[in-house]
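User: I'd like to learn how to read a structure like this one, feature by feature. Could you walk me through it?

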Amino acid sequence: MKASKLLLYVLLAIGLASSAPAGEAVDRLLTAYSSIETVTCQIRRTKKGELGKMTFLSRVYWTNKNQLHAEGIAPIKRRTIVDGERLWQYVEGDPKGFSRPVEDLSDQMTISMKLVPGTAMDHLLHLKDLEETALPNEKDSETRIGIQADNKYVVLKLDDHGRLTTLQFYKTGEQKNLTAEYRYRDFKEVLPGAWVPLTHETEVQSEKMSFSETVKVDRLIVNDPIAASLFIASSFFDKSIDFVDEFAKIFPE
């Protein structure tokens, strides 16, 4: 009897250790970023793939009031401005630009405006409120969490400060087919508990594509006032540009 009770307690302990409230770790990370109200930074993105190596450079101004000004400097000049109510986007040399009210944007574009630049929020927002499972740790200073999301299984790795250091995407929970890995390092604590990784490294391997990417974030300034004039589209786009409400209309057949 005592042996059976002991076994029951062990099984219960294992069960408690292997599960966590839905979204607990993801919510904690997102909550830490919620204190960030404005961001100014420069982002250098170097991508290597079948088409060779390309480096993209951009300056970004962002506020948590649905305001964004992203200026692509190289290799092509592209500017995106969101004033809180409407988005404008134009690529130098295109026959037309794109513009829509914020309320009419796609779900993905709406999410992209909420992303704090330089963070992993692009992935975390898609994992919000999903059930989390504690996984065996690979080393003492690391916590591993598994999340089943639609047609993929995601593993989060957190360091002893609770910072997200790695995101791994697998086809199934067996974790045998790694399709993508995102690594984050060179953290800067911009506000108490809010850590922004200044280096992002990506490896993607799938049937459709294969590439690696390194993102460097510098000149990072958080919660300093940003000039309202940066979000006035008419100050940056030539009056001759014809803005349309569908990307397909930019290059009509």
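User: Let me begin with pockets: what volume does the second largest pocket have?

Analyst: Happy to help, and please keep in mind that this is a predicted model. The general idea is that rolling a probe the size of a water molecule over the atoms shows where empty space is left. In this case, the second largest pocket has a volume of about 330 Å³. It is lined by 15 residues, and Ala 149, Asp 150, Asn 151, Lys 152 and Phe 169 are the closest to its centre.

User: Which element gives the most to the lining of the second largest pocket?

Analyst: That is helix 4, with four residues. Helix 4 (121-127), strand 10 (164-170) and strand 11 (178-191) each supply at least two residues of this lining. By chemistry, the lining of the second largest pocket divides into seven nonpolar, four polar and four charged residues.

User: And how much space lies in the largest pocket?

Analyst: About 1,400 Å³. The lining of the largest pocket has 41 residues, and those nearest its centre are Ile 43, Arg 45, Ser 58, Arg 78 and Leu 115. Strand 3 (residues 67-74) gives the most to this lining, with six residues. Of the lining residues, 23 are nonpolar, twelve are polar and six are charged.

User: Let me step back to the whole chain. How many helices and strands does the chain have?

Analyst: There are four helices and 14 strands. The C-alpha atoms fill a box of roughly 85 × 40 × 30 Å along the principal axes. Of the 253 residues in the chain, 40% are buried. To read how the chain folds back on itself, look at contacts between residues at least 6 apart in sequence: 43% of them join residues at least 24 apart.

User: Which residues have the most contacts inside the largest nonpolar core?

Analyst: They are Ile 36, Val 39, Leu 124, Leu 127, Leu 156, Leu 164 and Leu 167, in a core of 48 residues. Apart from that core lies another one, of six residues, including Ile 81, Trp 88, Phe 237 and Ile 241. For a closer look at the largest core, take Leu 164: leaving aside neighbours within four places in sequence, Leu 164 is in contact with Leu 29, Ala 120, Leu 124, Leu 156, Lys 157, Leu 158, Tyr 184 and Phe 187.

User: Now to single residues. Is His 200 buried or exposed?

Analyst: Compare the relative accessible area with the cut-off: His 200 is at 10%, so it counts as buried, given that buried means under 20%. His 200 sits in strand 12 (residues 194-205). Its side chain reaches the backbone oxygen of Gly 118 at 3.0 Å. Beyond its neighbours within four places in sequence, the contacts of His 200 include Thr 119, Arg 183, Tyr 184 and Glu 213.

User: Where does Glu 132 sit, and is Glu 132 buried or exposed?

Analyst: Glu 132 is in strand 7 (residues 132-135). With a relative accessibility of 1%, Glu 132 counts as buried. A polar atom of the Glu 132 side chain lies 3.2 Å from the backbone nitrogen of Glu 24. Glu 132 is also a good example of sequence against space: Glu 132 and Val 26 are 106 residues apart in sequence, while their C-alpha atoms are 8.8 Å apart.

User: What should I look for in the backbone itself?

Analyst: As a general guide, most residues other than glycine have a negative phi, and most peptide bonds are trans. Here, Asp 150 has a positive phi of about 50 degrees, although it is not a glycine. Asp 150 lies in the loop between strand 8 (143-149) and strand 9 (152-158), and it is exposed, with a relative accessible area of 74%. Arg 219, another residue that is not a glycine, has a positive phi near 50 degrees. Arg 219 lies in strand 13 (residues 210-222) and is exposed, at 59% relative accessible area.

User: Which residues does a cis peptide bond join?

Analyst: A cis peptide bond joins Ala 74 and Pro 75, with omega about 0 degrees. Pro 75 is found in the loop between strand 3 and strand 4 (78-83).

Note on methods
Residues are numbered from 1 along each chain as its sequence is written. This is a predicted model: local features need pLDDT of at least 70, side-chain atom pairs count only at pLDDT 80 or more; totals for chains, interfaces and linings use all residues. Side-chain values use heavy atoms; hydrogens and water are left out. Buried means under 20% relative accessible area, exposed over 50%, partly exposed in between (1.4 Å probe, protein chains only). A polar contact is a pair of N or O atoms within 3.5 Å; within protein, one must be able to donate a hydrogen and the other to accept it, and residues adjacent in sequence count only if both atoms are side-chain atoms. Contact means heavy atoms within 4.5 Å. A nonpolar core is a set of buried Ala, Val, Leu, Ile, Met, Phe, Trp, Tyr and Cys residues joined through side-chain atoms within 4.5 Å. On a 1 Å grid over the protein atoms alone, a cavity is a set of points where a 1.4 Å probe fits but cannot get out, and a pocket is an open set with protein on both sides within 12 Å along at least five of seven lines; lining residues have an atom within 4 Å of a point. Grid points are joined across faces, edges and corners, and a volume is the space filled by probe spheres set on the points. Ala, Val, Leu, Ile, Met, Phe, Trp, Tyr, Cys and Pro count as nonpolar, Asp, Glu, Lys and Arg as charged, and the others, Gly among them, as polar.
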